[in-house]
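Student: I've got a model open on my screen and I'd like to talk through how it's put together. Can we take it piece by piece?

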Amino acid sequence: MTQLQYFTALSGLWVSLAWLPYILDRVMVRGLMGAMANPGPSDLPQSLWAQRAHRAHIVGVELFAAFAPLSVLAMLVLPLEDQPDSLGLTFFLGMAAHYVIYTIGIPILRTLAFAVAALSSVLLGLTLLGAA
């Protein structure tokens with residue numbers, strides 16, 4: 001398994017599990033039945049950190065939606081020695097750091113971490129197009 005494959009899989013696993021913290025908070029705030037009910041205007045608000053974690057998860061899904069197909073395409077068309085393995089690593093680190101930093105509530109670092117992940121996707125796309 002190449003690093004690109006490994007970190008793409010790890011990123012997908014991260015995105016598929018990143019909902020757990022804010023759902024657990026929802027259960028703690030609203031109770032199990034309240035967490036499973038349809039949302040409504042009378043719902044108790046979740047903790048601020050959980051609201052940020054929810055938004056960070058949405059951003060992570062959006063980031064992964066751009067990175068994953070580019071990564072799969074790179075795995076298919078680039079020879080193993082030409083695969084940009086470091087971009088898989090930087091994407092994962094940027095996306096995971098963005099989630100944690102956003103949840104904690106540090107605005108400037110959050111934006112920088114997002115930029116690392118987003119630029120990894122851009123560079124991967126440019127690599128596929130032969131421009132990088």
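## How the helices pack

Tutor: Sure. Keep in mind that this is a predicted model. Let's start with one pair: helix 4 (residues 85-104) and helix 5 (residues 107-128) pack with their axes 8 Å apart, at an angle of about 155°.

Student: Are helix 4 and helix 5 roughly parallel or antiparallel?

Tutor: The angle between helix 4 and helix 5 is about 155°. Anything over 145 degrees counts as roughly antiparallel. So the label for helix 4 against helix 5 is roughly antiparallel.

Student: And which hand does the crossing of helix 4 and helix 5 have?

Tutor: Here we're looking at how helix 4 passes helix 5. That crossing is left-handed.

Student: Which residues does helix 4 bring to helix 5, and how do the residues of that contact divide into nonpolar, polar and charged?

Tutor: Helix 4 brings Leu87, Thr90, Phe91, Gly94, Met95, Ala97, His98, Ile101 and Tyr102. Among the residues they meet in helix 5 are Phe114, Ala117, Ser121 and Leu124. By class, the contact of helix 4 with helix 5 comes to 13 nonpolar, 6 polar and 1 charged.

Student: Let's switch partners. How are helix 1 and helix 4 oriented, roughly parallel or antiparallel?

Tutor: Helix 1 and helix 4 have axes 7 Å apart and pack at about 20°. Angles under 35 degrees count as roughly parallel. Therefore helix 1 and helix 4 are roughly parallel.

Student: What does the contact of helix 1 with helix 4 look like by class?

Tutor: Helix 1 passes helix 4 in a left-handed crossing. From helix 1, Leu4, Phe7, Trp14 and Val15 are among the residues that meet helix 4, where the partners include Gly88, Phe91, Met95 and Tyr99. Sorted by class, the contact of helix 1 with helix 4 holds 12 nonpolar, 3 polar and 1 charged.

Student: Gly88 is on that list. Is Gly88 buried or exposed?

Tutor: Gly88 sits in helix 4. Setting aside neighbours within four places in sequence, Gly88 is in contact with Leu4, Phe7 and Phe67. Its relative accessible area is 0%, and the cut-off for buried is under 20%. So Gly88 is buried.

Student: How far apart in space are Gly88 and Thr127?

Tutor: Along the sequence, Gly88 and Thr127 are 39 residues apart. In space, C-alpha to C-alpha, the distance between Gly88 and Thr127 is 13 Å.

Student: What about Ser16: buried, exposed or partly exposed?

Tutor: Ser16 belongs to helix 1. Its relative accessibility is 39%, and partly exposed runs between the 20% and 50% cut-offs. So Ser16 counts as partly exposed.

Student: And how far is the C-alpha atom of Ser16 from that of Gly60?

Tutor: There are 44 residues along the chain between the positions of Ser16 and Gly60. The separation of the C-alpha atoms of Ser16 and Gly60 is 9.9 Å.

Student: One more pair. How many charged residues are in the contact of helix 3 with helix 5?

Tutor: The axes of helix 3 and helix 5 come within 9 Å and cross at roughly 25°, so these two helices are roughly parallel. The crossing of helix 3 and helix 5 is left-handed. Leu63, Phe67 and Leu70 in helix 3 are among the residues that meet helix 5, with partners including Phe114, Ala117 and Leu124. By class, the contact of helix 3 with helix 5 has 13 nonpolar and 3 polar residues, and the charged ones number none.

Student: Now the core. Which element gives the most residues to the largest nonpolar core?

Tutor: The largest nonpolar core has 14 residues, and those with the most contacts inside it are Leu63, Phe91 and Met95. Two or more residues come from each of helix 1 (3-17), helix 3 (48-77), helix 4 and helix 5. The one that gives the most to this core, with 6 residues, is helix 3.

Student: Which residues is Met95 in contact with, leaving aside its neighbours within four places in sequence?

Tutor: Met95 is one of the residues with the most contacts inside the largest nonpolar core. Leaving those neighbours aside, the contacts of Met95 are Ser11, Trp14, Val15, Gly60, Leu63 and Ala117.

Student: Last one: how many helices and strands are there in the protein chain?

Tutor: From the N terminus on, the elements run α-α-α-α-α. That gives 5 helices and 0 strands.

Note on methods
Residues are numbered from 1 along each chain as its sequence is written. This is a predicted model: local features need pLDDT of at least 70, side-chain atom pairs count only at pLDDT 80 or more; totals for chains, interfaces and linings use all residues. Side-chain values use heavy atoms; hydrogens and water are left out. Axes are lines fitted to C-alpha atoms, for helices over the stretch in contact, and angles run from 0 to 180 degrees between N-to-C directions. Helices (H or I, at least four residues) and strands (E, at least two) are DSSP runs, numbered from the N terminus. Angles under 35 degrees count as roughly parallel, over 145 as roughly antiparallel, 65 to 115 as roughly perpendicular and the rest as oblique. A crossing is left-handed if the near helix is turned anticlockwise from the far one by less than a right angle, and right-handed if clockwise. Contact means heavy atoms within 4.5 Å. Ala, Val, Leu, Ile, Met, Phe, Trp, Tyr, Cys and Pro count as nonpolar, Asp, Glu, Lys and Arg as charged, and the others, Gly among them, as polar. A nonpolar core is a set of buried Ala, Val, Leu, Ile, Met, Phe, Trp, Tyr and Cys residues joined through side-chain atoms within 4.5 Å. Buried means under 20% relative accessible area, exposed over 50%, partly exposed in between (1.4 Å probe, protein chains only).
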